Amino acid sequence: KVAIIGSRYCSSRAKKITHLLSSSVGSGGHVTISGLAFGIDEIAHRGNLRNSIGVIPFGFQATATSRHKKLCNDILNAGGLLLSEFPLHQPAQKWTFLQRNRIISGLAECVVITEARKRSGSLNTAKHALEQKKETFTIPWDPLHKDGEGCRLLLRQGVVPILDLTEWSELWGILSYLESPQSIEQLIILTKQTHPNVLQSLLLLIRDRRVTRRSDGKYEKID
């Protein structure tokens with residue numbers, strides 16, 4: 001399970017990176033965890049709807065925006081999961097967001113903060129992740145990118161920078177199962193994905209010349 005979080009009002013580059021990170025996690029049959037908020041959270045969920053866990057910062061019967069309701073329904077309809085520790089009618093408040101952050105990091109094997117300002121609530125989740133000894137990653141934004149200031153602060157604390165999306169894909173994506181040649185049937189079992197999803201991932205990797213299909217029908221990684 002990988003928690004992917006960040007700012008509500010995010011840059012176009014952060015949106016693209018978030019989608020690539022989450023879709024790679026999904027292609028490997030792994031779970032994306034996030035907080036269902038507008039921005040990075042929503043993009044992370046939509047990159048891996050079928051394997052999403054959304055941690056809600058209020059009760060299940062509390063008032064929510066139409067956008068939030070749609071995202072929740074899309075996750076459930078795709079086969080994902082929603083969690084809340086709050087009473088049914090507990091409304092969203094600042095403290096409920098901060099309280100649920102420890103659950104996001106606690107459920108995950110690792111936590112990724114793709115973009116965050118200096119005062120972003122994502123840094124609170126990162127704090128929990130570090131206290132829980134979870135492997136924590138961030139994007140090393142350039143010094144002129146103000147929306148990445150929080151990420152640069154995390155780097156000073158020893159958080160691991162994601163420098164190569166190919167390496168990330170090899171760690172969490174379908175490439176992680178191709179250390180030896182595999183048939184598409186084997187990959188479906190390993191990733192717990194549908195045939196169309198596995199085939200789509202393989203075709204993209206073949207297009208990018210990272211995977212080849214052998215004469216026996218098996219797929220192998222190109223070194």
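User: How many aromatic pairs does the structure hold?
Analyst: This is a predicted model, and the structure holds 4 aromatic pairs. One of them joins F86 and W95, with the rings edge-to-face. Their centres are 5.8 Å apart and their planes meet at 85°.

User: Why is that pair called edge-to-face?
Analyst: The angle between the planes of F86 and W95 is 85°, and planes over 60 degrees apart count as edge-to-face.

User: Are F86 and W95 buried or partly exposed?
Analyst: F86 counts as buried because its relative accessibility is 9%. W95 counts as partly exposed, since its relative accessibility is 41%.

User: What about W168 and W172, how are their rings arranged?
Analyst: W168 and W172 form a tilted aromatic pair, with 6.1 Å from centre to centre and 40° between the planes.

User: Where do those two sit along the chain?
Analyst: Both belong to helix 7, which covers residues 165-172. W168 and W172 are separated by about one helical turn because they are 4 residues apart in that helix.

User: Buried or exposed?
Analyst: W168 and W172 are both buried.

User: Which residues make up the aromatic cluster with them?
Analyst: F137 joins W168 and W172 in one aromatic cluster.

User: Changing topic: which residues form the negative surface patch?
Analyst: The patch consists of D164, E167, E170 and D223.

User: Where is D223 found, and how exposed is it?
Analyst: D223 lies in the segment after strand 9, a strand that spans residues 219-221. The residue D223 is exposed, with a relative accessible area of 92%.

Definitions and conventions: Residues are numbered from 1 along each chain as its sequence is written. This is a predicted model: local features need pLDDT of at least 70, side-chain atom pairs count only at pLDDT 80 or more; totals for chains, interfaces and linings use all residues. Side-chain values use heavy atoms; hydrogens and water are left out. Patches are made of residues with over 30% relative accessible area and no salt bridge: like charges are joined within 9 Å, nonpolar side chains (Val, Leu, Ile, Met, Phe, Trp, Tyr) within 5 Å. Accessible areas come from the Shrake-Rupley method with a 1.4 Å probe; for residues, only the protein chains shown count as cover. A salt bridge is a side-chain nitrogen of Lys or Arg within 4 Å of a carboxyl oxygen of Asp or Glu. Lys and Arg count as positive and Asp and Glu as negative; His and the chain ends are not counted. The place of a charge is taken as NZ of Lys, CZ of Arg, CG of Asp or CD of Glu. Buried means under 20% relative accessible area, exposed over 50%, partly exposed in between (1.4 Å probe, protein chains only). Rings of Phe, Tyr and Trp (its six-membered ring) pair if their centres lie within 6.5 Å; planes under 30 degrees apart count as stacked, over 60 as edge-to-face and the rest as tilted.
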